Amino acid sequence: MRRSRLLATGKQRRGPLRRDRPRAVRETGVAGTGPLRLGLLQLQFEPLLIESKAAATVVLMLDSPEEEVLAKACDAIYKFASKGDENKVTLLGLGAVERLYKLISHEDPVVRRNAMMVFGIMASNHDVKKLLRELDVTSSLLSHLVPEEDVVIHEFATLCLAHMAVEYTAKVQIFEQGGLEPLINLLGSPDPDVTKNSVECIYLLVQEFSDLHAEALAVLANCLEDVHTMQLIQQTGGLKKLLSFVGVSAVPDIQKNAAKAIAKAAYDSENRKILNEEDVENCLINLLEIDDDEVKVAASQAISAMCENLASKRAFGLQGIPQLVQLLSSEDEEVKEAAVIALANLTTASPSNASAVADAEGIEPLVKTLNAERHGAIANAATVLTNMAMQEPLRLSIQSHGVMSVLTEPLRSASSQVQSRAALTVAAFGCDANARSELRNAGGLGPLVELLHSKNKEVRRNACWAVMVCASDELTAVELCRLGALDILEEINLSTGRRNNFSEAALERLLDNNLSQKYSQMGYLSSSNVITDGFYDYGKIKPGMKFLSLEELSMQELTDRRAIIFINAKPQEDVLSVEEKPQHLSYEQTTSSPFATRKSSREKVRKGKGKKEEEKMKEVVEIMSEVQDEINLADAQWQPPPDFVLMNYINDASKTILPLTTTREQVVALAQFVADKMGGAIERDKLHDFSWELHISEIEFELKSNIVPIGKVKKGTFCHRALLFKVIADRLGIGCSLVRGEYNRAWNEVKLVDDSPQGVSGLLLPPQEYIVDLMFVPGFLMKQESAEADQYKYI
């Protein structure tokens, strides 16, 4: 049927229509990109076969005065151009387009038709289209869309117009030259290719009917980036007109492009001033209310850019923050991200804007945004929360929403930006003990420690900062050390390239709040390192050796290693007092209990006072049993047993030593007190006869543990006496340091002010450092540089 129709219309699919000619002529043609064959030309004398292997030769034949030559040249070029863009570019370079342009209006219908076919297929090439626009071929093409013209010419003329109508300038030419009407008329053509090409061309043309303001704004955006152009536009009233037009327009594309234009311009400080003078803030705030996600994104981005101007930041804070907070609940992730970036810029260095976010009920959606899909949204939500945390009331309010638990996942993010911001937020909230406890219980310390390994300088720095802040209490510091933070920080601080101020501070803070490990690793505690309950002397740890917790050590079998001396003098109200202990419970039974009693049970004990002694003792036994059952069922943290003897030491020392008037007297008295509890003074030449090792071993065997409470030690050497001195001195407020030496040596250093020289009154002398003798002449004070001090430490 299709073939019959083509024959009826005279249309041929395999090439342009040819005049009647001999079979030999009809069978010649072009194969691939090989030679271009023109067939037999009937010249004046006899038929002549012309064959050319060069496209340039055939293009030159387009200048021939012979119609037969022109038709066949167009035929050959058509087939050559059909093979691909490379051939079209070749023909363009040879000047074929200009010659063909003349031939599409040739008086001979065959030449005209063949030339139009070449035009139609060559117009698909971008460079050819550019030349066609320069030649202004649209008027000539439109002139061939009349009904009496050949259908093949209709097909390829509309094809050429459809290719050209893709570009804006060609659309204008077609419209201005009245091309829409003949194209519409051709919709009734019986040829489907003509109809298809006409519909496609019309479709492209009617898009000109869209509002040009959007495109104009896109152009204006580029102009506004230049300060001088911006000033000129403002002086001519164009900027005010732009903003007012955006305010009344209901076209989303216009509003979006206007916001983008403002954002581009706002990257320059001078432009921001100009925009602020024109009250651009109100325009952008209004755009946040538009029910179009792209407009909201563009407006939020423009607000972010304008925030660099302080006046604009204040203006947005007064009006725009509630709208931006609402956008945090958008289902569109891009909208959410753009809004939270704007809030991050608004709240940076602006406490009033941070408060405004809280007033707009932004805390909950911000915390939820920490679980957003886009990394930019998560990172900037963390920034806003960090900015708000600078104000304690806001920090506490945010913390009540469980922010530290939520931050655990961002700390594990694959994005370095998210990691860095999340660590910074942890540092902002980690100053609160409850927040640290929440992060610890949520498992957030592990991923935080992992960030110390980061190769990203900012991530590593912020992670060090967060570790420094979180190491402010002993429980968190011990957990951080258990997770390897101490080893990583030591490694970082050995590297000049990776070390930073926070890494050094973090290491120091970590050790200061984990004194057991600090003393084991560094062999030194300063006067500011106050020993508290739970401290234990693990001994000097070797490099690379794992530092075990007291709980882990308590699970080990008895070995021949040195005893671990621990400190646990709970306040009187926190444990059963010695007087309240049942008579049938031995000291060892009370001190070997691995758990401390609970407050509820202690309340029962206090309420039981005043009852008969027998009833009281019976109730105590029952309560202790209840406590044990409770702990077995609950997920309680292991605690060392109380040391009642140490508690008595501290109470007795406070009664006898604190009333003394000078620090020197207190130091001497405390030294004598400690020596008395640890076996008294030892003569130097009989030190080897002081069998303290056997005594300690007996205690370990008695307790069936390597862990020994210091109150059990009745024969102590240098390390035991120095530790007890430090423990009691810290409780009494006497400043002293604890230093570990070799071969179980240890000593205490104190700073004392000497009396003024004889005959000189009112002279304030600098304090001198002394080592306190606890072994040979308890209470004797040796100056650091003295021979006695050297002998005490090393001999």
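"Buried" here means under 20% relative accessible area, "exposed" means over 50%, and "partly exposed" is anything in between, using a 1.4 Å probe and protein chains only. Keep that in mind, as burial comes up at many stops.

**Before you click**

You're looking at a predicted model, where local features need pLDDT of at least 70, side-chain atom pairs count only at pLDDT 80 or more, and totals for chains, interfaces and linings use all residues. Residues are numbered from 1 along each chain as its sequence is written, and side-chain values use heavy atoms, with hydrogens and water left out.

**The whole chain**

Switch to a cartoon view. The chain has 46 helices and 10 strands; these are DSSP runs numbered from the N terminus, with helices being H or I runs of at least four residues and strands being E runs of at least two. Of the 795 residues in the chain, 51% are buried. A contact means heavy atoms within 4.5 Å. Take the contacts between residues at least 6 apart in sequence: 67% of them join residues at least 24 apart.

**Stop 1: Arg113**

Select Arg113, which sits in helix H7 (residues 109-122). Is it buried or exposed? With 6% relative accessibility, Arg113 counts as buried. Now add His154 to your selection: the two residues are 41 residues apart along the chain, and their C-alpha atoms are separated by 9.4 Å.

**Stop 2: Ser140**

Next, pick Ser140 in helix H9 (residues 138-143). Ser140 has a relative accessible area of 9%, so it is buried. Which residues does Ser140 touch, not counting residues up to four places away in sequence? Show Tyr101, Ile104 and Ser105, and you have them.

**Stop 3: aromatic rings**

Time for some rings. Rings of Phe, Tyr and Trp (its six-membered ring) pair if their centres lie within 6.5 Å; planes under 30 degrees apart count as stacked, over 60 as edge-to-face and the rest as tilted. By this rule there are 11 aromatic pairs.

Start with Tyr78 and Phe156, an edge-to-face pair at 6.3 Å centre to centre with 90° between the planes. Tyr78 belongs to helix H4 (residues 67-81) and Phe156 to helix H10 (residues 151-164), so this pair ties together parts that are 78 residues apart in sequence. Both rings belong to buried residues: Tyr78 has a relative accessible area of 12%, and Phe156 has 6%.

For a stacked pair, select Tyr536 and Phe547, at 5.7 Å centre to centre and 20° between the planes. Tyr536 is in strand S4 (residues 536-537), while Phe547 is in the loop between S4 and helix H38 (550-554), 11 residues away. Tyr536 is buried at 6% relative accessibility, and Phe547 is buried at 13%. Add Tyr538 as well, since ring pairs link Tyr536, Tyr538 and Phe547 into a cluster.

**Stop 4: helices around H45**

Two packed helices are described by the angle between their axes and the distance between the axes. Axes here are lines fitted to C-alpha atoms, for helices over the stretch in contact, and angles run from 0 to 180 degrees between N-to-C directions.

Select H42 (residues 644-657) and H45 (residues 718-732): they pack at about 55°, with their axes 10 Å apart. That makes H42 and H45 oblique to each other (under 35 degrees is roughly parallel, over 145 roughly antiparallel, 65 to 115 roughly perpendicular, and the rest oblique). H42 passes H45 in a right-handed crossing (the near helix is turned clockwise from the far one by less than a right angle; anticlockwise would be left-handed). Side chains to show include Leu646, Tyr649 and Ile650 of H42 and Leu724, Val727 and Ile728 of H45.

Now swap in H43 (residues 663-677). The axes of H43 and H45 come within 10 Å and cross at roughly 130°, so H43 is oblique to H45. This crossing is right-handed. Among the contact residues are Val667 and Phe673 of H43 and Phe725 and Ala729 of H45.

**Stop 5: two loop residues**

Finish with Ala349, in the loop between helix H23 (333-347) and helix H24 (351-359). Its phi is near 55°, a positive value in a residue other than glycine. Ala349 is exposed, at 79% relative accessible area.

Then jump to Asn744, in the loop between strand S7 (737-740) and strand S8 (746-752). Asn744 has a positive phi of about 65°, although it isn't a glycine. Asn744 is partly exposed, with a relative accessible area of 34%.
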